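Thanks for coming, everyone. Please have the sequence and the model open. I'll go through it piece by piece.

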Amino acid sequence: MAFFNFSKKIDTGKQFSLTDIPVFSSLSPAEIKLIEKKARLQEFKRGDRVYHEGTSAEFFYVVISGRFHVFTESRLDDARETLLHLYRGDHFGETSLLTGKQHSASVEARSDGIVLTLTKEDFSRFVQEIPALLHYLTRSLGHRLTKSADSSGRRREVKITALYPAAYPQEACVFWMDLSARLVRETGHKVIVVDLNGREPHDFGAEFKKPFLQIFDFENGGSLSESVLRDSGYEHASGFTYLPVQAGTSGEAPKQISHLLTFLTYRYDTIMVLLPPDPGHPGFLSLKQTDSVYLFCVPESGNLDACLPVLQTLQQNFGFGKSDIKVILYERLGNSPGSFEESEKHLAFRIFSVLPAKNDRSEKYHGTIRFLARELSEKLIGLALGSGAAYGLSHIGLLRVLERENIPIDVIAGASIGAVVGGFWAAGFNADQLEQVARSINRKNAFFKLIGFSDLSLAHRGFFKGNQMTRYLESYLGNMTFQDLRIPVKIIAADLFTTAEVVMDTGRVVDAIRASASIPGIFRPLRHKGMCLIDGGVIDPLPVKVLAQMGVKKIIAANVLSSPTDRAVKSQLDEQARIHKLRALAHQHPVRKAISGLFYKLGKRYADNTFNVIMNTIQFMEYELAAIAGQECDVLLHPKVFEWHWAEFYDPDKFIKAGEECALKHLDAIKLLLKE
């Protein structure tokens, strides 16, 4: 994986990976290097204009961090009409470059952000020399911004996505219908399902509003007009339209399907294509116009083997990057718990989501459908909970505000204490219950609940074994797996020997939390699947990037680590407390004065004990990493508690209060993010 930094304007400590950007994700290492040599990074502050409507195109742009919006301006009253919002990974400016026309809209930064740029000359050369880049841009160019059919000529974003049913076509179709219905509910947009298998709508139940009339058939006189939708389109009770299409097998079929999809882009916001199961069918060529494709498969070796050439075709023949292919693993009742990991290993491809059978786990099924609909409509709200030992109890206060204000959180990424709080919350513990768990630990029982004498270990691997921590977590979470959680959670650990970041999202939640909270030198590393795992905060203390790689466009992050300024303030407060205590000792009884003075001197003398040295040293480094990661989120929270210590798990109130106050301070920014 290649990293780069281009411009002198950019801090050389920041690095970005081209392979994390969707438009470049399908490129070969050699092609990546070609682009690296020419690309530059440019910073924009909130309110900065990237370019103006009516100006000539000079650059191709890719959003690395921050939020931007595309809008047109009325020359009469200076009013703006927002066309769409751009987030990390989105690209813009290519339409004008490829058509030679002036920019038809303006782009402005909605927050501080960083944009990768390629000059017009370099972009033109790369489009000619890199087929995968051309494939990607061709799919997105024609329908991203399309004029609507009404007289206003308003422009909007149009998406085309497809489902390939590699197994259980009936269940796959029901899934596609349910996803379309949820998409209407989440967005209020016009959605149409185009079934290229030409099936009658009564195959999917009685929720359509009119009796079956006819299938749209190109070979039997079908023509593109409003009568297509009137005679062959069926409105589902939830609001989407179902259009069965008989594509035929003539040489004109691919062109006819292309014309149909173009025709529909002027009438719908989202087009959901149901592909035929045969990759050789002409309807499969509709993928040339789609933005993304879902692969519906089951955890059976024969089916997974059949998926391998399909995955290869999608990437090589159609230019889909890995972020554009979403593998949905359909798990029926009776599948083994390890099927997710085994299937992922078999495919050598990241599984995007697991879909339980609708009748087996109805609540989880509909929760997954909701998540997928919000991901497809770019409405996912991600929450990154950072590391920080006891400081991380501030996360509880943040969650309380989000609950109270009904702020939807769709996915959580957590490291160390962030993994603990995030895991508990996703398991169903609300903020009040989390506070009760935190308060159950006090000065008298903290050692025995979290560590205990039986957990002491020879220091060559860590002072504590970590077994007591596991037992404590199990007393609340039991053997709950990631598939049992109410929302997806990504828990971050680090491989001690390879320095690789390990994103844990399968298996037992307790094991993942135990790995992520294994503070180096204090707790033994966790041996897991041939890896030696330690605290995830060491490598990714604020896991914003993990959420961005999932396609999450709107990210709230909580960095609870102390900045150098915070530590300077604490040092001043400590000095003031020392002076106050010395003055107080002067008025005590001589014996009490001597005892108090002895404890004070011992505390002062051994403040640089091994545990403080380890934790403070780690947190010094983690803060710098978290500060960089925090620049890539949309709303950054930084609770501050100056009367603190990293080990004060027995005094949670001040941390929780600080998290709540910080969240309230940023509440307007969070609500604004939701509206975009």
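**A walk through the predicted model**

Start at a bridge: Ala 494 has Glu 501 of β25 as its bridge partner. Keep in mind that this is a predicted model.

Now the strands around that bridge. β24 covers residues 489-495, and 4 bridges join β24 to β25. The two run antiparallel. They form a hairpin, with 5 residues between the strands. Look at Thr 499 in that hairpin. Thr 499 takes a positive phi near 65°.

Which residues of β25 sit on the covered face, and which on the uncovered one? Strand β25 spans residues 501-504. Val 502 and Met 504 make up the covered face. Glu 501 and Val 503 make up the uncovered one. So the bridge partner of Ala 494, Glu 501, is on the uncovered face, because β25 puts Glu 501 there, and not on the covered one.

Next, a sheet. It is open and has 4 strands, in the order β3-β10-β5-β8. The pairing is antiparallel. β3, residues 40-44, and β8, residues 91-92, are the edge strands. Each of those pairs on one side only. Go inside the sheet to β5 and β10. β5 is residues 59-65 and β10 is residues 113-119, with 6 bridges joining them. Want one to find on screen? Val 62 has Leu 116 in β10 as its bridge partner.

One more strand residue. Glu 81 lies in β7, residues 80-86. Glu 81 counts as partly exposed, because its relative accessibility is 33%. Ala 105 is 24 residues from Glu 81 in sequence. In space, the two are 9.7 Å apart, C-alpha to C-alpha.

Over to charge. There is a patch of positive charge on the surface, where Lys 33, Lys 37, Lys 38 and Arg 40 gather. Which element gives the largest share of the positive patch? Helix α1, residues 29-38, with 3 residues. Lys 37 is in α1. Lys 37 counts as exposed, because its relative accessibility is 62%.

Now salt bridges. Side chains of opposite charge can pair when their charged atoms come close. The count here is 28 salt bridges. I'll pick three.

Arg 374 and Glu 186 first. Their side chains meet at 3.1 Å, N to O. Arg 374 is in helix α10, residues 362-376, and Glu 186 is in helix α5, residues 169-187, so this pair ties together parts that are 188 residues apart in sequence. Both Arg 374 and Glu 186 are buried.

Then Asp 410 and Arg 370. That salt bridge is 2.9 Å, N to O. Asp 410 is in the loop between α11 and β23, and Arg 370 is in helix α10, 40 residues apart. Buried or exposed? Asp 410 counts as buried, because its relative accessibility is 2%. Arg 370, at 27%, counts as partly exposed.

Last, Glu 435 and Arg 439, also a salt bridge, at 2.9 Å, N to O. Both are in helix α13, residues 431-439. They are 4 residues apart, about one turn of the helix. Glu 435 counts as buried at 12% relative accessibility. Arg 439 counts as partly exposed at 49%.

That pair belongs to a network of salt bridges. Its other members are Arg 400, Arg 404, Asp 432, Asp 653 and Glu 660.

That's the tour. Over to you.

Terms used: Residues numbered from 1 in each chain as written. Predicted model: local features only at pLDDT ≥ 70, side-chain atom pairs only at ≥ 80, totals over all residues. Heavy atoms only, no water. Patch = residues over 30% accessible without salt bridge, like charges linked within 9 Å, V, L, I, M, F, W, Y side chains within 5 Å. Areas by Shrake-Rupley, 256 points an atom, 1.4 Å probe, with all protein chains shown as cover. Salt bridge = Lys/Arg side-chain N within 4 Å of Asp/Glu carboxyl O. Lys, Arg positive; Asp, Glu negative; His and termini not counted. Charge placed at Lys NZ, Arg CZ, Asp CG, Glu CD. Buried < 20%, exposed > 50% of the residue type's maximum accessible area, 1.4 Å probe, protein only. Pairing = 2+ DSSP bridges.
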